Structures are given as structure tokens and as C-alpha cells.
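Student: I'd like to go through this structure with you, a few spots at a time. Could we settle the vocabulary before we start?

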Amino acid sequence: MSHITAPQLLQKKSLRQRICALTCYDATFAQLIDQHTAVDFVLVGDSLGMVIKGEPTTLNVDVNEIVYHTRAVSRSTKRVHVVADMPFLSYQINDEETLKNAGLLMKAGAHSVKLEGGVTIQNRVRRLVDVGIPVMGHIGLTPQSVHALGGFRVQGKTSVEKQRLLDDAFALQDAGAFAVVIECTPEDVAKEITEKLQIPTIGIGAGKYCDGQILVLYDFLDLNSEFRPKFVKQFFNGTAAIAGACQAYVDEVQQGTFPGPEHTYHF
Ligand code: KIV
């Protein structure tokens, strides 16, 4: 079986097939998603800074960390398309740094890379596309700009902001991006962008009219009961299920009922 490609993801828009994506950071989840679901692509997101490293933002992630997690995900998948995030300052400095860092991610097993921004990174995106690296854009709430945006807040609520989002989306499409993530915008803004673009839009907190959806794996599994944003549906009661299993283990160890004879080797 071969991996889903960037052109195949692009084609899903004209076929009116919805694209389903999740973030993924490790081999165990990658294999499970690859073999037992119909998820189209996994994103080795810089959200790993928050959900794996416990940082307050995604800013303190470097390209070697994404390389490490991309290798783990890529080794464990045969079918899904693997997108690797380009972290903060891995593409903002100059073309050379951008190409070098995107190359590291592709050599680690990614099939495409994702960059945040629109008009301001249009030429960078074009350079990557020119050397044969498929690029996914990311507009709206772009977490690497959290300080400039004044926090993790919905974008595109005024006509000026909406026009900026449209300009960004078209800049990415014109530069050759094969898809664009739209994060945290009003539903009608994402709908208008989706209707006007020829490349698929992948929404997160952007309503139901996008061509696809992506969620952070740990959020939709409810692994952090202190972080339940409005746009995430908890498809699994992870905190309760996993905490319950851990406590059952503690109880059995304390009571001396685990390990039982069936878990024990005998001479
Ligand atoms: O890093 C990430 O997980 C992302 C998604 C929120 C799209 O960029």
C-alpha cells in the first residue's frame, strides 16, 4: 500500500470528498491511526510543544524536535500522508534556512510541510514548491504569532481581517500550496474562503464548510480535562478512562491482586 499523496489530497476537493486529519507525534498512535482508521493525513504539529513538552505556546519548538517526531510517525505508517510542521524561525529567516529545514523534515519521512502565514511568506512557499516540496499553508489563528495577535483568539471577525484572510489564502494558492489550514475563524468567513479557493481548506475551529477538518489528537481524546476549547468535540472520555485504568492498577498492586498467576512466570 502506498501513502496518500499531496495531489490526491488536492483532488479530493473536486471529487467533493471531505479530508480527515489528526495531529500525531509518536509511533504507537501513528500505527493505530494508519491501520485502523480512514484518516487521510496526520500532522506532526508544533502543537507538540504544548501537548508533549508542556510549554505554554508553540514557540519553543525547534526543527530537530519535529524531525525526531516525524521519523517516529513516518516509520510507523504505510498509508496516511504525513505533514510535518515547520516550527517558529525555521522558515522566517531566509530562503536558504527554509529550504534546509524543509529538507530535513522531508528526509525524516514527511510527504509535505506546513507553514504559518500568507502574503508575507508567499515567496518562501514558492521556493519550496519549486524544489518539489509540497506545502500546506496555515492562516487565521497562527499560534506562532500568538504574541502579535494578543492571545489565542478568533481571527477574521471584522471586514478588514476577513479581507486579510482572503488575501493570505489566495497568496498561498498562487504560490502553489496544495491545501490550507484555517484555524479559529467565524464559520461564514471560512465558508467564503473555501468557496473561492481551488485548493482544499482544512478547518480547526472554522466551522463545517471547510473541505476537511483537523483536530489535535490529545484534545479530541480529552486527555487534558483542563483544556476543552469550544471547537473541540471530545470523541473519547480520555481523562476518565485512562485515569480510571491507572487507579485500578494502583488498587490491584496495593491489594496484592496484580500480578495474578496468569501474569506470572514459573520455574
Ligand atoms: O501544530 C498543530 O497541531 C497545528 C494544528 C492546530 C493545525 O498546526
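Tutor: Let us fix the terms for exposure: a residue is called buried under 20% relative accessible area, exposed over 50%, and partly exposed in between. Please also keep in mind that this is a predicted model.

Student: OK, then is Val 129 buried, partly exposed or exposed?

Tutor: Val 129 has a relative accessible area of 26%, and because partly exposed covers what lies between under 20% and over 50%, that is the class it falls in. Val 129 belongs to helix H6, which spans residues 122-130.

Student: What does Val 129 touch, leaving aside its neighbours within four places in sequence?

Tutor: With those neighbours set aside, Val 129 is in contact with Val 135, Ala 175, Gly 176 and Ala 177. In the case of Gly 176, the two residues are 47 residues apart in sequence, while their C-alpha atoms are 6.3 Å apart in space.

Student: Switching to the ligand, which residues surround it?

Tutor: The residues around the ligand are Thr 23, Leu 43, Gly 45, Asp 46, Ser 47, Asp 85, Lys 114, His 138, Glu 183, Ile 204 and Val 216.

Student: And how far are the polar side-chain atoms of Asp 46 and Ser 47 from ligand oxygens?

Tutor: For Asp 46, a polar side-chain atom lies 3.0 Å from an oxygen atom of the ligand, and for Ser 47 the corresponding distance is 2.5 Å. Lys 114 also has a side-chain N or O atom 2.9 Å from a ligand oxygen. As for coverage, the ligand on its own has 260 Å² of accessible area, of which the protein covers 96%.

Student: What joins Asp 85 to Lys 114?

Tutor: Their side chains are joined by a polar contact of 2.8 Å. Asp 85 is located in strand E3, residues 81-85, and counts as buried because its relative accessibility is 2%, where the limit is under 20%. Not counting residues up to four places away in sequence, Asp 85 touches Leu 43, Val 44, Gly 45, Asp 46, Ile 66, Leu 105 and Lys 114.

Student: New topic: which residues make the nonpolar surface patch?

Tutor: Leu 223, Phe 235, Phe 236 and Ile 242 make that patch, which has an area of about 370 Å². Phe 235 sits in the loop between helix H10 (217-220) and helix H11 (238-255), and with a relative accessible area of 54% Phe 235 is exposed.

Student: Last one: where is Glu 195, and is it buried or exposed?

Tutor: Glu 195 lies in helix H9, residues 187-196, and at 57% relative accessibility Glu 195 counts as exposed.

Conventions. Residues numbered from 1 in each chain as written. Predicted model: local features only at pLDDT ≥ 70, side-chain atom pairs only at ≥ 80, totals over all residues. Heavy atoms only, no water. Patch = residues over 30% accessible without salt bridge, like charges linked within 9 Å, V, L, I, M, F, W, Y side chains within 5 Å. Areas by Shrake-Rupley, 256 points an atom, 1.4 Å probe, with all protein chains shown as cover. Salt bridge = Lys/Arg side-chain N within 4 Å of Asp/Glu carboxyl O. Helix = DSSP H or I, 4+ residues; strand = E, 2+ residues; numbered from the N terminus. Buried < 20%, exposed > 50% of the residue type's maximum accessible area, 1.4 Å probe, protein only. Contact = heavy atoms within 4.5 Å. Near = heavy atom within 4 Å. Polar contact = N/O pair within 3.5 Å; in protein donor to acceptor, adjacent residues only side chain to side chain.
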